[in-house]
Amino acid sequence: MCMNGDFDVLIIGGGAAGVSAALSCSNRGKSVAVISNSIKTTSLYRAEQIRNYPGISGKSGKEITEIFMQQLEKSGVPIISGKAMSVVPFEKKFGVAVEND
């Protein structure tokens, strides 16, 4: 897949840290996207119950992952499905090669 996107910030990883970073960037007016493997393949998604995430304790990993994705969607942050394979300089920017799931 070839996607041409010009983003201020490109987050590699759709876990808790990546989602938090993407939301923070979006809230500060930056154009941002997240590159992430399919959420269904993550250990968080498969977890039966999570008790150590502030504010969302006692939910399944699937529920938490769905909350993360809803927050990104509401913020207008696109999710690029796949695995970041390489980051290369391109003029005054960077390009990222993504292998699709």
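## Exercises: an open sheet and helix α3

Three strands make an open sheet, ordered β1-β2-β3, with parallel pairing. The model is predicted: local features need pLDDT of at least 70, side-chain atom pairs count only at pLDDT 80 or more, and totals for chains, interfaces and linings use all residues. Residues are numbered from 1 along each chain as its sequence is written, and side-chain values use heavy atoms, without hydrogens and water.

**Exercise 1.** Find the edge strands of the sheet, then describe how β2 and β3 pair.

*Solution.*
1. Helices (H or I, at least four residues) and strands (E, at least two) are DSSP runs, numbered from the N terminus.
2. Two strands pair if DSSP finds at least two bridges between them.
3. β1 (9-12) and β3 (79-81) each pair on one side only, and are the edge strands.
4. Strand β2 (residues 32-36) pairs with β3 in the parallel sense over 3 bridges.
5. V34 has I79 in β3 as its bridge partner.

**Exercise 2.** Which residues of α3 are buried, and where do they lie around the axis?

*Solution.*
1. Buried means under 20% relative accessible area, exposed over 50%, partly exposed in between (1.4 Å probe, protein chains only).
2. G61, I64, T65, F68, M69 and L72 are the buried residues of α3.
3. They span an arc of only 135° around the axis (directions from the helix axis to the C-beta atoms), which puts them on the same side of α3.
4. The face turned away from this buried side carries the exposed E73 and K74.

**Exercise 3.** What do the buried residues of α3 pack against?

*Solution.*
1. Contact means heavy atoms within 4.5 Å.
2. The partners are α1 (16-27), β2, α2 (43-46) and β3.
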